[in-house]
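Colleague: Pick one spot in this model and take me through it slowly, please. I'd like the local details first and then whatever they connect to.

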Amino acid sequence: MDKIEIFENERATGYDKFVETWIPKYHYFLDILPKLLSGIEQKKLLVVGCGTGNEIQRFIQITEPCEVTGVDPSPEMMNQAKERFKDCNNVTLIEGLLSELDIKKKYNVAILSLVLHFFDDNGDKLNLLKDIAERLVSGSTFVIFDITGNKQQMKQNLNVLKCLLPVDLDVEQVNNRLNRIENELFAVSEERLSELLQEAGFQEPFRFFQSSIYMGWLTKKK
Ligand SMILES: C[S@@+](CC[C@H](N)C(=O)[O-])C[C@H]1O[C@@H](n2cnc3c(N)ncnc32)[C@H](O)[C@@H]1O
């Protein structure tokens, strides 16, 4: 049974503002993706848990050939993405689970941004990573952006995050959110992420980006 974290109502309509507020430098991270992946010819890009399409947006205007497929199970997030890319003929959006995508269709790049922390490390994280690996050709590039760190790193970097947040946020709201990140979401340590990726069929990843608790990772499918 696939784990699903459905985004609906205010969580969906307010999503883009939410990431803008709570993830310092997320825009910068997204903006560098096309450059980072520019060496890959004939890109067939799979965006897993694409939500409103923040990653996809960065690839619709690039000059190199690029076909983008976004998959997400939340109808309200998908509807925003569908509206955003209605005129883009190189973007395919699929409302549903990754595990439902035709296994015969292969991609050479995948992005998984802000999804893994909803998955417990009880097999759910590994299954998601395996589902991605199965849909990639050997040598494909895989980019992950997520909450990363062991308990001590998380404590320290949550303090950093607190300093970077907009000053006009409600203090109680900030504390509740930081508490949820620390105690309810499933951050992964750097070591464990590496283990999970290698077990799923990827090479050892390397970190190329960090903003407080959020880290960007690059790896390749073996
Ligand atoms: C925090 S949003 C990230 C959206 C987008 N990737 C971004 O960076 O802005 C998490 C997304 O993961 C989606 N999601 C939840 N369960 C999922 C699953 N099993 N497979 C793929 N996506 C899932 C949610 O519907 C939601 O749109």
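Modeller: Let's start at Cys-66, which counts as buried because its relative accessible area is 9%, under the 20% cut-off. Keep in mind that this is a predicted model. A buried cysteine invites the obvious check for a partner. The closest cysteine sulfur to that of Cys-66 belongs to Cys-88, and at 11 Å the gap is too far for a bond. Coming from the other end, Cys-88 has Cys-66 as its closest cysteine, again at 11 Å, so no bond there either. A disulfide would need the two sulfurs within 2.5 Å, and by that rule the count is 0.

So what does touch Cys-66? One of its contacts is Lys-43. That lysine sits in strand S1, which covers residues 43-48. You might expect to find a lysine out in the open, but Lys-43 is at 2% relative accessibility and therefore counts as buried. Its side chain reaches the backbone oxygen of Leu-37 at 3.0 Å. Leaving out residues up to four places away in sequence, Lys-43 also touches Ser-38, Ile-62, Glu-64, Pro-65, Glu-67, Asn-108 and Val-109.

Now zoom out to the strands. Cys-66 falls in S2, residues 66-72, where 6 of the 7 residues are buried. On one side, S2 pairs with S1 in the parallel sense over 6 bridges; one example is Val-48, whose bridge partner in S2 is Val-71. S2 also runs parallel to S3 (residues 91-95), with 5 bridges joining them. There, Val-68 has Val-91 of S3 as its bridge partner.

Follow S2 to residue 72 and you arrive at the ligand. Asp-72 is listed among the closest of the 21 residues around the ligand, together with Lys-3, Tyr-26, Glu-55 and Ser-74. A polar side-chain atom of Asp-72 comes to 2.6 Å from a ligand oxygen. Tyr-15 has a side-chain N or O atom 2.9 Å from an oxygen atom of the ligand, while a polar backbone atom of Glu-5 is 3.1 Å from a ligand nitrogen. As for cover, the ligand taken alone exposes 600 Å², and the protein buries 98% of that.

In short, S2 takes you from a buried cysteine to an aspartate that is among the residues closest to the ligand.

Methods
Residues numbered from 1 in each chain as written. Predicted model: local features only at pLDDT ≥ 70, side-chain atom pairs only at ≥ 80, totals over all residues. Heavy atoms only, no water. Helix = DSSP H or I, 4+ residues; strand = E, 2+ residues; numbered from the N terminus. Buried < 20%, exposed > 50% of the residue type's maximum accessible area, 1.4 Å probe, protein only. Polar contact = N/O pair within 3.5 Å; in protein donor to acceptor, adjacent residues only side chain to side chain. Contact = heavy atoms within 4.5 Å. Near = heavy atom within 4 Å. Areas by Shrake-Rupley, 256 points an atom, 1.4 Å probe, with all protein chains shown as cover. Pairing = 2+ DSSP bridges.
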